[in-house]
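Welcome! Please take a look at the sequence and the structure shown here, and then read on for a short tour.

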Amino acid sequence: WENTKDSVKLASESGKIALAFTANKLNIVAGSADGSVLAALVDGRPVSAQNMGSDSVDQNGLFVVPIRGRKLYNIVSAQGYSQKLMVFKVQGKGFELYTFTFG
């Protein structure tokens, strides 16, 4: 990871980010010039269909978020407000993360 003025940028082809949070919705502001894919694990398990965010797509039973332009991405929309541990697995050099937002 490379710390820039406004973001953290993936310096290799893959990386991970871990975040403990208490909310029912998790969003990120992110981007990727070349295109990246983010897979999210909640409490050690892949995000389920009922908890996937609006920017998630089904990729062979695993919900992933394709990261293209710089924008707000909805990662998780869980049913209950609770404490969770999120691990992002990122593929694609050039992924940039600007901030997290919660709901």
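## A glycine to start with

Leaving aside its neighbours within four places in sequence, which residues is Gly31 in contact with? In this predicted model, the partners of Gly31 are Ile67, Arg68, Gly69, Arg70, Gly94, Phe95, Glu96 and Tyr98. Gly31 has its place in strand E3. With a relative accessible area of 0%, Gly31 is buried, because buried means under 20%.

One of those partners, Ile67, is 36 residues away from Gly31 along the chain, and 5.9 Å separates their C-alpha atoms.

## The overall picture

Stepping back, you can see that the protein has nine strands and zero helices. Follow the sequence from start to end and the pattern reads β-β-β-β-β-β-β-β-β. The protein's radius of gyration is 13 Å, close to the 13 Å that the globule rule gives for 103 residues, so the protein is as compact as a globular protein of that length. Along its principal axes, the C-alpha trace spans about 35 × 30 × 20 Å.

How do parts of the chain that lie apart in sequence come together? Take the contacts between residues at least 6 apart in sequence: 79% of them join residues at least 24 apart. The pair Gly31 and Ile67, 36 residues apart along the chain, has already given us one example.

## Surface and charge

Of the protein's 103 residues, 42% count as buried. The accessible surface comes to about 5600 Å², and carbon and sulfur atoms account for 50% of that surface.

As for charge, the protein carries 11 positive and 8 negative side chains. The centres of these two sets lie 4 Å apart.

## The nonpolar core

In soluble globular proteins, nonpolar side chains tend to be buried together. Here, the largest nonpolar core has 23 residues. The residues with the most contacts inside this core are Ile28, Leu38, Ile75, Val76, Met86, Phe88 and Phe95. The elements that give two or more residues to the core are strand E3 (14-32), strand E4 (36-42), strand E7 (62-67), strand E8 (71-91) and strand E9 (95-102).

Which residues does Ile28 touch, if we do not count those up to four places away in sequence? The list for Ile28 is Leu38, Lys71, Leu72, Tyr73, Ile75, Phe88, Phe95, Leu97, Thr99 and Phe100.

## Gly15 and Lys89: a pair across the sequence

Gly15 has its place in strand E3, while Lys89 belongs to strand E8. These two residues are 74 apart in sequence, yet 6.0 Å apart in space, C-alpha to C-alpha. Is Gly15 buried or exposed? Gly15 counts as buried, because its relative accessibility is 17% and the cut-off for buried is under 20%. Lys89, in turn, counts as partly exposed at 37% relative accessibility.

Setting aside neighbours within four places in sequence, Gly15 is in contact with Trp1, Leu10, Phe88, Lys89 and Val90. With the same kind of neighbours left out, Lys89 is in contact with Gly15, Lys16, Val37, Leu38, Ala39 and Leu41. Lys89 can also be compared with Val64: the two are 25 residues apart in sequence, and their C-alpha atoms are 9.5 Å apart in space.

## The end of strand E4 and the loop after it

Val42 sits in strand E4. Val42 is buried, with a relative accessible area of 16%. Not counting residues up to four places away in sequence, Val42 touches Val47, Val76, Lys84, Leu85 and Met86. Of these, Leu85 is 43 residues from Val42 in sequence and 5.7 Å from Val42 in space, C-alpha to C-alpha.

Where does Asp43 lie? Asp43 is in the loop between E4 and strand E5 (45-46). At 40% relative accessibility, Asp43 counts as partly exposed, whereas Val42 is buried. Asp43 also has a positive phi of about 50°, although Asp43 is not a glycine.

Definitions and conventions:
Residues are numbered from 1 along each chain as its sequence is written. This is a predicted model: local features need pLDDT of at least 70, side-chain atom pairs count only at pLDDT 80 or more; totals for chains, interfaces and linings use all residues. Side-chain values use heavy atoms; hydrogens and water are left out. Helices (H or I, at least four residues) and strands (E, at least two) are DSSP runs, numbered from the N terminus. The radius of gyration is taken over C-alpha atoms; the globule rule is 2.2 Å times the number of residues to the power 0.38. Buried means under 20% relative accessible area, exposed over 50%, partly exposed in between (1.4 Å probe, protein chains only). Contact means heavy atoms within 4.5 Å. Accessible areas come from the Shrake-Rupley method with a 1.4 Å probe; for residues, only the protein chains shown count as cover. Lys and Arg count as positive and Asp and Glu as negative; His and the chain ends are not counted. The place of a charge is taken as NZ of Lys, CZ of Arg, CG of Asp or CD of Glu. A nonpolar core is a set of buried Ala, Val, Leu, Ile, Met, Phe, Trp, Tyr and Cys residues joined through side-chain atoms within 4.5 Å.
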